[in-house]
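Here is a protein model to read with some patience, beginning with its pockets and then turning to one of its sheets. Please look it over before following the questions and answers below.

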Amino acid sequence: MSEEFLPFSKPSISRAAIDEVVACLESGWITTGPRVAKFTENLKEYLNAPYVLPLASATAGLHLALLALDLQPGDEVITTPLTFAATLNTIILAGGKPVLIDIDPATLNMDLNQLEDAITAKTRVILPVHFAGLPVDLDVLYNIADIHGLRVIEDAAHAIGTEYKGKKIGSFGDTQVFSFHPNKNMTTGEGGCVVTQDEELAKKISLLRFHGMDREAWNRFGKNGNQHYEIVVPGFKYNMMDIQAALGLHQLVELDSFIERRTELAKRYQEALSDWLQWSLPQNPAFEHKHAWHLYTPLLNELPAKMHRDEFMQKMKEKNIGTGLHYRAAHLYPYYREKFGFMPGDFPHAESAGERIVSLPLFPSMTDAEHDRVLDVMYSIFDSQTKIDGFEAQLTEESFVI
Ligand SMILES: *Cc1c(COP(=O)(O)O)cnc(C)c1O
């Protein structure tokens with residue numbers, strides 16, 4: 001048991017990226033400056049997007065995108081319970097009320113069949129999450145948004161590089177928020193960005209991300225000298241630094257190759273696990289798409305596995321293999337339950353997934369040997385059961401109901 005701990009995620013930082021960070025540090029300009037400007041342009045080109053605003057995090061991006069929509073008390077934002085806390089927190093911090101709809105158990109994305117029933121006179125925004133890098137069916141979603149006059153903010157934290165019907169997430173639609181946290185598909189350390197087709201929204205976010213300072217407002221009064229600015233709104237301190245952008249410039253160049261390797265590894269898992277009774281595997285929707293494979297998240301079938309997900313994760317850890325938990329159903333956390341009256345049983349598919357889901361190790365520098373090691377350990381954990389003769393025959397339909 002001397003093998004090194006294998007984390008579930010690990011960033012790949014090239015020598016060129018490290019050199020760029022060092023060059024930035026030596027340049028004398030380390031906060032928002034020329035490297036953020038270049039990173040912005042490169043993201044625009046990669047995403048084919050008109051407005052890109054790098055920020056300190058995706059959480060900052062969700063917060064500002066929602067604030068910029070000027071939500072009024074009681075305004076509702078429809079989202080999924082199978083997401084990170086930041087999705088719900090930022091809705092609340094921007095003055096909105098999170099309204100949840102259950103997930104589709106096949107894709108783990110928001111179940112769009114339930115969307116129209118959740119829309120009320122108070123609904124302002126639909127906030128889907130492209131779970132694990134698998135796109136939500138955006139034609140369907142935007143069609144509903146258009147009919148009801150709703151804004152759409154896509155939590156695309158998992159989805160840089162994802163494509164929907166041949167188009168990159170971020171290249172069309174309303175507004176998207178990407179994350180560059182170290183576990184995500186590309187990283188700037190901490191960081192994220194908002195991408196939008198809406199010039200007005202971009203302007204508001206641009207003001208809000210840096211103290212509400214407007215240099216153009218000063219210029220409008222006909223004076224020159226860009227030392228001066230006006231404060232036109234009480235803003236935040238959510239800007240990205242050049243040190244972060246230095247990393248991002250190089251990560252972006254490598255992003256497609258990172259996704260290629262993630263895809264190979266995910267396929268390897270799918271093939272290796274396809275006939276294991278212990279797992280229900282991620283399923284693909286019928287529409288054309290490119291999955292970014294930010295996460296590989298099978299669901300543990302507790303009956304055949306004879307253990308709960310938490311026990312499986314513990315056993316993997318004992319064998320020096322890290323796993324992740326993305327996510328327990330958000331509505332069951334105490335704050336949201338108390339504040340919005342959510343109850344166990346409200347969103348059964350998300351709750352079931354939240355008790356069974358595991359993120360297996362997946363990162364671009366993972367070798368085939370490391371992948372084999374993960375599978376070997378998984379075999380050893382379930383070994384005693386898979387050998388039981390006739391075990392399969394004992395399973396009922398119920399074992400697989402999500
Ligand atoms: C990571 C993540 C966020 C937050 O991203 P940060 O850059 O860490 O703020 C938001 N939503 C989802 C779904 C995420 O996975």
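A pocket, as the word is used here, is an open set of grid points with protein on both sides within 12 Å along at least five of seven lines, and its volume is the space filled by probe spheres set on the points. The model is predicted.

Q: What volume does the second largest pocket have?
A: The second largest pocket is lined by 21 residues, with F84, A157, S179, H181 and K184 lying nearest its centre. For this pocket the computed volume is about 320 Å³.

Q: Which helix gives the largest share of the lining of the second largest pocket?
A: Domain 1 (15-253) and domain 2 (255-386 + 396-400) each provide at least three residues of this lining. Among helices, α3 (58-68) and α4 (85-93) each supply at least two residues. The largest share amounts to three residues, and these come from α3.

Q: How many residues in the lining of the second largest pocket are polar?
A: This lining can be divided by residue type, and it then contains seven nonpolar and three charged residues. The remaining group, the polar residues, numbers eleven.

Q: Which element gives the most residues to the lining of the largest pocket?
A: The largest pocket has a volume of about 900 Å³, and among its 27 lining residues S206, L207, R209, F210 and M213 are the closest to its centre. Two or more lining residues come from each of α2 (34-47), β1 (51-55), α7 (199-208), β10 (213-214) and α8 (215-220). The element that gives the most, with five residues, is α7.

Q: Why do β1 and β3 (97-100) each have one side without a neighbour in the sheet?
A: The seven strands of this open sheet follow the order β1-β9-β8-β5-β4-β2-β3, and their pairing is mixed. One side of β1 and one side of β3 are left without a neighbour because each of these strands stands at an edge, with a single partner strand.

Q: Which residue of β3 is the bridge partner of V77?
A: Strand β2 (residues 76-79) and β3 run parallel, and four bridges join them. In β3, the bridge partner of V77 is P98.

Q: What angle does the direction of α4 make with that of β3?
A: Helix α4 packs on the sheet, where it touches β2, β3 and β5 (151-155). Its direction and that of β3 make an angle of about 140°.

Note on methods: Residues are numbered from 1 along each chain as its sequence is written. This is a predicted model: local features need pLDDT of at least 70, side-chain atom pairs count only at pLDDT 80 or more; totals for chains, interfaces and linings use all residues. Side-chain values use heavy atoms; hydrogens and water are left out. On a 1 Å grid over the protein atoms alone, a cavity is a set of points where a 1.4 Å probe fits but cannot get out, and a pocket is an open set with protein on both sides within 12 Å along at least five of seven lines; lining residues have an atom within 4 Å of a point. Ala, Val, Leu, Ile, Met, Phe, Trp, Tyr, Cys and Pro count as nonpolar, Asp, Glu, Lys and Arg as charged, and the others, Gly among them, as polar. Domain bounds come from an automatic or database domain assignment. Two strands pair if DSSP finds at least two bridges between them. Contact means heavy atoms within 4.5 Å. Axes are lines fitted to C-alpha atoms, for helices over the stretch in contact, and angles run from 0 to 180 degrees between N-to-C directions.
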